[in-house]
Amino acid sequence: MNQGVKVTGMILSATPIGEYDKRLVILTKEKGKISAFAKGARRQNSPMMGTTNPFSFGEFLLYEGRTSYNVMQANISNYFMELTTDFEGAYYGFYFMEIADYYTKEYNDEREMLKLLYQTMRALSSGKIGRELVRYIFELKSLVVNGEAPEVFRCANCGVDDRKMVFSSKNHGIICSECVGIAPDGIRVSSATVYTLQYIVSSTIEKLYTFTVSEEVLGELKNVMKQYTSIQFDKKFKSLEILEMCLE
Ligand SMILES: [Zn+2]
């Protein structure tokens, strides 16, 4: 009767359950974020042993039980193996998975977030763009996908398009030199940084990871994203704490 259902997605996390099983959280194209059990996936001879790990992207054949899904088969097309052998790279990946987990829901349309996550993991594993830049791009774009984009095209207070701007998290965007009094938290940003923020907010996901920036812009992006994520993410991400310890 139950023929099973095929979904495409990425494994966000895999938790050991009992002696041999795993509980997976998968971000799927068809059903949003789902939980699924992979029975026997931790047995040495299980074909699912190597295919049910975080970052694995591919097709999953699910059997819908009364209260949960069971994974019957996983056909992985990209494991992002480059990252699993490198502690720092892996923790960037875990951090992105945690953010995606935090922002997505079951049976919600999460195709944009899945696409963003996939392109981000590709950028991270290819190494063409610095990891730090990949991180700030992903942090900002995940907020945009979730409908929390800051105003970066004109002053968030008066609407003027001024050259001298500060970024103010409390005002959710850039503030011009006339209005700067209302932004005591304002961070000075160069026009190159404002342009970079505009690009990240407005670019398609496919073209997101196609640029690099100067050290100066990277430093300003860091300050902006540190302040903005501390206000927007009302959760401490465990993987970020570990990543920051290893980057120190
Ligand atoms: Zn203004």
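Which elements cover the buried residues of α2? The close-ups below come from a predicted model, and the second view takes up the answer.

**View 1. The whole protein chain, with 7 helices and 8 strands.** Before we zoom in, a quick orientation may help. Along the principal axes, the C-alpha atoms fill a box of roughly 65 × 35 × 30 Å. The chain has 248 residues, of which 38% count as buried. If we take contacts between residues at least 6 apart in sequence, 53% of them join residues at least 24 apart.

**View 2. Helix α2 and its surroundings.** Here we follow α2 through residues 87-103, a helix of 17 residues. From its first C-alpha to its last it reaches 25 Å, close to the 24 Å expected at 1.5 Å a residue. Its buried residues include a run from Ala90 through Tyr91, Tyr92, Gly93, Phe94, Tyr95 and Phe96 to Met97. Further along α2, Ile99, Ala100 and Tyr103 are buried as well. And the opening question? The cover over these buried residues includes two strands, β1 (5-17) and β2 (21-28). It also includes the helices α1 (81-84), α3 (111-126), α4 (131-145) and α7 (238-247).

**View 3. A barrel of 5 strands.** Going around the barrel, you meet the strands in the order β1-β2-β3-β5-β4, and their pairing is mixed. From one strand to the next, the twist averages 45°. Helix α2 packs on this sheet, where it touches β1 and β2. The direction of α2 makes about 110° with that of β1. Helix α3 lies across β1, β2 and β4 (57-64), and runs at about 65° to β1.

**View 4. Where β3 meets β5 in parallel.** This view picks out one pairing within the barrel. Strand β3 covers residues 32-38 and strand β5 residues 69-78, and 2 bridges join them. For Ala36, the bridge partner in β5 is Tyr69.

**View 5. Gly65, in the loop between β4 and β5.** Is Gly65 buried or exposed? Its neighbourhood settles the matter: 11 other C-beta atoms lie within 10 Å, so Gly65 is exposed, as 12 or fewer is the cut-off for that class. For a sense of distance, look across to Asn45, which is 20 residues from Gly65 along the chain. The C-alpha atoms of Gly65 and Asn45 are separated by 24 Å.

Methods. Residues are numbered from 1 along each chain as its sequence is written. This is a predicted model: local features need pLDDT of at least 70, side-chain atom pairs count only at pLDDT 80 or more; totals for chains, interfaces and linings use all residues. Helices (H or I, at least four residues) and strands (E, at least two) are DSSP runs, numbered from the N terminus. A residue is buried if 20 or more other C-beta atoms lie within 10 Å of its own, exposed if 12 or fewer, and partly exposed in between; C-beta atoms are placed from the backbone. Two residues are in contact if their C-beta atoms, placed from the backbone, lie within 7 Å. The expected span of a helix is 1.5 Å times one less than its number of residues. Two strands pair if DSSP finds at least two bridges between them. Axes are lines fitted to C-alpha atoms, for helices over the stretch in contact, and angles run from 0 to 180 degrees between N-to-C directions.
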